[in-house]
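User: I would like a close look at one part of this protein, starting from a single acidic side chain and working outwards. Please keep it plain.

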Amino acid sequence: ALQAAQELGYLASLAICNVAESSLVRETDLVLMTRAGPEIGVASTKAFTTQLAAIALLTIVLAKHRGLEVKAEQDLVKQLAELPALVERTLALDGAISTLAEDFADKHHALFLGRGVLNPIAMEGALKLKEISYIHAEAYPAGELKHGPLALVDDDMPVVTVAPNNELLEKLKSNLQEVRARGGQLYVFADADAEIDAGDGVHIIRMPAHATAFQAPVVYTIPLQLLAYHVAVLKGTDIDQPRNLAKSVTVE
């Protein structure tokens, strides 16, 4: 794709990458290294979250060039600097997520939901689950449920969602009610102030701290990756080397 773009003509290319020896790094004009360190497993985890942080930094720099006020810039940088502590607190949920994973070990399908910028995070959760546990998992924008996925929901379909306390929370709650009305089993990673209660068919993991909209993509990625890991452990699959997958794809 990059070579095709070069042939068509472009201003410049930028690679956000964790491996300095990557062919992508050699081919691009500009490089932003994430410096996450070696990642042994085929299914990337820290490479993904550090790319999110790198994109956030790039966004701040571009916004600064387009008139972002100094105070706003400082606030966004401060939020990024808080991420390591937030991630540490989120990792403390490992035990609770391990218990939750027991509900998934004998399932064949799972649905992941997210709204707004958290929809790609739901996609990451679904990808990790299918990659390392071999459970068919799909992600869908929560607001689009009635365009297809809702037809699949029944009492044997676990539905995982992330629920930060943002401007889309009330709409997300409405989507969750749709799922429960059809017997779907809900697994919600919810902000402490989201006011979503556990109950019959509703399993809540309370996130340890409020994450801002800028922090939420990184913070909510962690529990979804942990869920996939623990399900894979229970199923006894090869977590570092999943079948049929490769770290780098070298064929078209």
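Is Glu170 buried or exposed, and what is its relative accessible area?

Analyst: This is a predicted model. In it, Glu170 is exposed, with a relative accessible area of 54%; the cut-off for exposed is over 50%.

Its partner is the place to go next. Glu170 forms a salt bridge with Lys173, and the closest N and O atoms of the pair are 3.3 Å apart. Both residues belong to helix H8, which covers residues 169-181. They sit three residues apart there, so about one helical turn separates them. Lys173 is buried, with a relative accessible area of 16%. The bridge therefore joins a buried lysine to an exposed glutamate. Side chains of opposite charge can pair when their charged atoms come close.

The Glu170 pair belongs to a wider set, as the structure holds nine salt bridges. One of them links Arg182 and Glu178, with 3.0 Å from N to O. Here Arg182 is partly exposed at a relative accessible area of 36%, and Glu178 is also partly exposed, at 23%. Lys78 and Glu82 form another salt bridge, with 2.6 Å between the closest N and O atoms. Glu82 counts as partly exposed too, having 31% relative accessibility.

Salt bridges can also be chained together. Glu124, Lys128 and Glu131 are linked in a network of them. These three residues are among the buried residues of helix H7, so H7 deserves a description of its own.

Helix H7 runs over residues 119-133. Its 15 residues should span 21 Å at 1.5 Å a residue, and its end C-alpha atoms are 21 Å apart, which agrees with that expectation. Of those 15 residues, 11 are buried, so the helix is largely enclosed by the rest of the structure. Besides the charged residues of the network, the buried set includes Ile121, Ala122, Leu129 and Ile132. Asn119, Gly125, Ala126 and Ser133 are buried as well.

What encloses the helix? The buried residues of H7 pack against helix H3 (46-65), strands E3 and E4, and helix H9 (216-235). H7 lies across E3 and E4, and runs at about 175° to E4. Just after the helix, Tyr134 takes a positive phi of about 65°.

The two strands under H7 are part of an open sheet. Five strands make up that sheet, in the order E4-E3-E5-E6-E7, and the pairing is parallel. Its edge strands are E4 (136-141) and E7 (202-206), each of which pairs on one side only. From one strand to the next, the twist averages 20°. Strand E3 (residues 109-114) pairs with E4 in the parallel sense over six bridges. Within that pairing, Leu113 stands opposite Tyr140 in E4.

A residue beside the sheet also has a clear set of neighbours. Met157 lies in the loop between E4 and strand E5 (158-163). It is buried, with a relative accessible area of 8%. Setting aside residues up to four places away in sequence, Met157 touches His109, Ala110, Leu111, Leu152, Gly184 and Gln185. Its C-alpha atom is separated by 40 Å from that of Leu14, which is 143 residues away along the chain.

Helix H9, one of the elements that H7 packs against, carries His230. His230 counts as buried at 11% relative accessibility. Its contacts, not counting residues up to four places away in sequence, are Asp94, Ile97, Ser98 and Ala101.

Finally, the setting as a whole. The secondary structure of the protein chain comes to nine helices and seven strands. The chain has a radius of gyration of 19 Å, close to the 18 Å that the globule rule gives for 252 residues, so it is as compact as a globular protein of that length. Along the principal axes, the C-alpha trace spans about 55 × 45 × 35 Å. Buried residues make up 42% of the 252 residues. Of the contacts between residues at least 6 apart in sequence, 65% join residues at least 24 apart.

Definitions and conventions
Residues are numbered from 1 along each chain as its sequence is written. This is a predicted model: local features need pLDDT of at least 70, side-chain atom pairs count only at pLDDT 80 or more; totals for chains, interfaces and linings use all residues. Side-chain values use heavy atoms; hydrogens and water are left out. A salt bridge is a side-chain nitrogen of Lys or Arg within 4 Å of a carboxyl oxygen of Asp or Glu. Buried means under 20% relative accessible area, exposed over 50%, partly exposed in between (1.4 Å probe, protein chains only). Helices (H or I, at least four residues) and strands (E, at least two) are DSSP runs, numbered from the N terminus. Two strands pair if DSSP finds at least two bridges between them. Axes are lines fitted to C-alpha atoms, for helices over the stretch in contact, and angles run from 0 to 180 degrees between N-to-C directions. Contact means heavy atoms within 4.5 Å. The expected span of a helix is 1.5 Å times one less than its number of residues. The radius of gyration is taken over C-alpha atoms; the globule rule is 2.2 Å times the number of residues to the power 0.38.
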